[in-house]
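Me: I'm new to this structure and would like a close look at a single part of it. Could you pick one helix, walk me through it, and show me how it sits in the rest of the chain?

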Amino acid sequence: MTASESLALIAETMNNSRRAILSHNAKHFVLWGALLTVLSLLIYFLWHGTGSANWNLLWFAMPVIGYCLAALIDRKKEVQPKNEISRLLGLSWAVFGLFSVTLSAIAVFAVPMNITLIIVIMLGLAETISGVILKNWPIAISGIIMGIGGAVAAVLLKSEAQLLLFTLGGLLLVITGIIVKLQYR
Amino acid sequence: MFPKLDPILHSELRLAVMSILAGVEDADFTYIKKQTGATSGNLSVQIDKLSAAGYITVEKGFKGKMPRTTCRMTPAGREAFSTYVTALQEYLSAGK
């Protein structure tokens, strides 16, 4: 191999590996986005139909269902490695999940608060951070719109109508996953 | 005087393996095989050579019931890879 061939091989191999890892990450965005969309619509219609806000307890099933489905996606012969970008993305969303579940539990069982407002802001933050990590400005900007616009809407909207903000957030995650998949395929 | 290229790294498959491992924490044998397009036999031989040189560590374990071989670049491997890339760049810039 000549020097230029060696350097070209290094660059191509590193680039292909990076694409493979991030393309795999896209599946997780789609999974969590689809789950958020379906669950928010389900709770919306159940709440709307019965008039009971207790259906919101179904949110606590989301991490369980999500992690089971994520484990199914990852249950392949080939284990996907982690690079710096996928590690940062995973950490950002894990922190979002930790805060969301903990604050939701506090809001339901101890100190009532406008949890939609808080989670929508955190969702927008996590989405914006993802866009910055991926250097994908449409994702970052949609995260800013989701966080700020969602916060205003969470104050203006009442009861079950607030759930539709999560439907929008879920769709945003699905779109993010599709963008990442297309960007790194 | 040009620096001598590391003969361990100056092989297409070994260089590809090191390039993959340079960008990740660790990588599964099957992942490296898929990314490089190498055969299992050839890849095993080259991984053994990199391991013997102290450039990577190889850990054998299980994922469920499936055997799993995980490779990780060592600090010595990272240093050798960096030196190799610098040497290549020097060759190229001298040729311009």
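Reply: Happy to help; here is a short tour that sets the scene, then turns to helix 3 and ends with two loops.

Please keep in mind that this is a predicted model. Chain A holds 6 helices and 0 strands, so its elements, read from the N terminus, run α-α-α-α-α-α. The C-alpha trace of chain A spans about 70 × 35 × 25 Å along its principal axes. Of the 185 residues in chain A, 44% are buried. If you look at contacts between residues at least 6 apart in sequence, 74% of them join residues at least 24 apart. The accessible surface of chain A is about 9600 Å², with 74% of it belonging to carbon and sulfur atoms. Chain A also carries 12 positive and 7 negative side chains, and the centres of these two sets lie 3 Å apart.

Now for the close look. Helix 3 of chain A covers residues 84–109, which is 26 residues. From its first C-alpha to its last, helix 3 reaches 37 Å, close to the 38 Å expected at 1.5 Å a residue. At the start of helix 3, a side-chain oxygen of A:Asn83 comes to within 3.2 Å of the backbone nitrogen of A:Ile85.

A:Ile85 is also one of the buried residues of helix 3. Others buried in this helix include A:Ser86, A:Leu89, A:Ser92, A:Trp93 and A:Phe96. Further along, A:Ser100, A:Ser104 and A:Ala107 are buried too. What do the buried residues of helix 3 pack against? Their partners in chain A are helix 1 (3–50), helix 4 (115–133) and helix 6 (163–184).

Two of those partners lead us on to the loops. After helix 4 comes a loop that runs to helix 5 (137–156), and A:Lys135 has its place there. A:Lys135 has a positive phi of about 55°, although it is not a glycine. Most residues other than glycine have a negative phi. A:Lys135 is exposed, with a relative accessible area of 66%.

In the loop between helix 5 and helix 6 you will find A:Ser159. This serine, A:Ser159, is not a glycine either, yet has a positive phi of about 30°. With a relative accessible area of 38%, A:Ser159 is partly exposed.

How values were computed. Residues numbered from 1 in each chain as written. Chains lettered and ligands numbered in written order. Predicted model: local features only at pLDDT ≥ 70, side-chain atom pairs only at ≥ 80, totals over all residues. Heavy atoms only, no water. Helix = DSSP H or I, 4+ residues; strand = E, 2+ residues; numbered from the N terminus. Buried < 20%, exposed > 50% of the residue type's maximum accessible area, 1.4 Å probe, protein only. Contact = heavy atoms within 4.5 Å. Areas by Shrake-Rupley, 256 points an atom, 1.4 Å probe, with all protein chains shown as cover. Lys, Arg positive; Asp, Glu negative; His and termini not counted. Charge placed at Lys NZ, Arg CZ, Asp CG, Glu CD. Expected span 1.5 Å × (residues − 1). Polar contact = N/O pair within 3.5 Å; in protein donor to acceptor, adjacent residues only side chain to side chain.
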